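The following paragraphs go through one protein model, from the chain as a whole to two single residues and a pocket. Please keep the sequence and the coordinates open while reading.

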Amino acid sequence: MGNIHGKVKINNHKLSIVSEKKPTAISSRTSNFEVCPGCDLLITKIQPKPGHTAACPRCSRRLHREHPNTVQRSLALSATGMLLFLPANLYPLLSFNVMGTKAESSLFHATLSMFAQGENLVGFIVLLTGFIFPMLTLSLLFWVSAGLFMGWKARWMTDFMRWYQHLTEWSMNDVYLIGVFITIIKMSHMATIHFDVGFFCFLGLVLVTISSQASVDKSFFWQEMSGDREEEDTGEAFTVSIHAKTGQEGGLVLCHTCHKAMLSTELARESHPHCPRCGEAIHPRKNGSISRSWALVVTAAILTVPANLLPIMEVEYFGQPDASTILDGIIYFFQEGSYGIGAVILTASILVPVFKITGMALILTSIHFRWQSWLKHKTLMFRFIEFVGRWSMLDIFVIALLCALVQFGYLSTINTAPAAFYFTLVVLCTMFAAISFDSRLIWDE
Ligand SMILES: [Zn+2]
Ligand SMILES: [Zn+2]
């Protein structure tokens, strides 16, 4: 079976190209092909050796990577994460000591601090991304891998796996941990800091969560759950033109979630087609992708103005309130000589949101005017926007922690200010803009 157009890159530290054959085949089975989820290129399916990564030759997207013992590892790591979850959230995290006055807080208390300040929307987002989603993703992964380990075949497993994939981006324990570090550095000038049990449990929880996500071999999980593995060669037979370059030209539609390739002729018979493997609704391209992304990018750009001009935090020091904007906070760090932290906050709170908005606007404009150059660079830029999106929540987590920890009455108190609301909306809009966007539109002619 020869390649149609693409050749898969196998990459093990260095890039090397294997098995290139002349395009010959005109008839095949869907199970012999793969369609790149990033750019829709039609490629012959190959199984990389353990430790190797297969990448798309056109847009360099990582297609799959063999993870040894993926089920056992995911099961062990998600179970450990679940054990650490409650101690990490409920035990005291840090305690501050200022002139004999002590204040301490658990992570969960900090998560709820925005509600205490009357910022209900920000509080709700912090509660979701800092507590509920991390807990849900760990439990979903635990049940799916436990099911696979036991050899169960149940409908709920595919539903759980689908939700797991959608929620991982919104589970922001890792961002929260960096927020804890920044809070510590911010407070180290004025208070004695004591690390409590909760801090070490939280550190462990974040490490375990990151490793559990890295241990999941999604294509293996989906194949195991649907039984595709045993019936490797039973994909529907179909004919594909040797001129077909993309999935669309070859009559194949890809599921957005589990990446199963299906024949568009089969799907055309149903009015609302769903993926037979994961149950997700199927569209050749994400529905209303361009208009939705535009609407969200424009909203984000407008909200950036109040988010940066209004104060985001109010520090009361000996009864003197002092409101500061995002930029004031960054300048403070540079003046204090903490250049590293200043740079981190500058990147997360100003550079990343601005980059996301201008980057998305540039990609959307280039699709509108059909600019056919720099396609690969635009795809890489989009992937970077997708990747960094969640890190802008950093400042919000820091404020939540400061509000919970710095409550020394007359001595010093920190409260949230109106820009926190607008800033959270900017982060949400830019993240949803990236989620609604379909990167294959960059490559569609
Ligand atoms: Zn590709
Ligand atoms: Zn699917």
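Two residues are in contact here if they have heavy atoms within 4.5 Å of each other. The model is a predicted one, and all that follows is computed from it.

With that definition, the chain can be described as a whole. The protein chain has 445 residues, of which 52% are buried. Its secondary structure consists of 15 helices and 16 strands. Among contacts with a separation of 6 or more, 72% are between residues 24 or more positions apart.

Serine 74 serves as a first local example. This residue sits in helix H1, which spans residues 70–90. Its relative accessibility is 0%, and because buried means under 20% relative accessible area, serine 74 counts as buried. Which residues does serine 74 contact, leaving aside its neighbours within four places in sequence? They are Leu141, Ser145, Ser215, Val216 and Phe221. With one of these, serine 215, there is also a polar contact: the side chains of serine 74 and serine 215 are joined at 3.2 Å.

Leucine 351 is the next residue to look at. It belongs to helix H11, residues 339–368. Is leucine 351 buried or partly exposed? Its relative accessible area is 46%, so leucine 351 is partly exposed; that class lies between the bound of 20% for buried and the bound of 50% for exposed. Serine 392 is 41 residues away from leucine 351 along the chain, and the C-alpha atoms of the two are separated by 9.4 Å.

The last stop is a pocket. The second largest pocket has a volume of about 490 Å³. It is lined by 26 residues, and those closest to its centre are Lys186, Met313, Val315, Ser324 and Tyr332. Several elements give two or more residues to this lining: the helices H5 (173–187), H10 (326–336) and H13 (394–405), and the strands E14 (313–317), E15 (320–324) and E16 (412–416). Which of the elements gives the most to the lining? Helix H10 does, with 8 residues.

By residue class, the lining of the second largest pocket divides into 17 nonpolar, 5 polar and 4 charged residues. In terms of domains, the lining takes at least three residues from domain 2 (71–223) and at least three from domain 3 (289–443).

Technical notes. Residues numbered from 1 in each chain as written. Chains lettered and ligands numbered in written order. Predicted model: local features only at pLDDT ≥ 70, side-chain atom pairs only at ≥ 80, totals over all residues. Heavy atoms only, no water. 1 Å grid on protein atoms, 1.4 Å probe; cavity = no way out; pocket = protein on both sides within 12 Å on 5 of 7 lines; lining within 4 Å. Points joined across faces, edges and corners; volume = space filled by probe spheres on them. Helix = DSSP H or I, 4+ residues; strand = E, 2+ residues; numbered from the N terminus. Nonpolar A, V, L, I, M, F, W, Y, C, P; charged D, E, K, R; others polar. Domains from an automatic or database assignment. Buried < 20%, exposed > 50% of the residue type's maximum accessible area, 1.4 Å probe, protein only. Polar contact = N/O pair within 3.5 Å; in protein donor to acceptor, adjacent residues only side chain to side chain.
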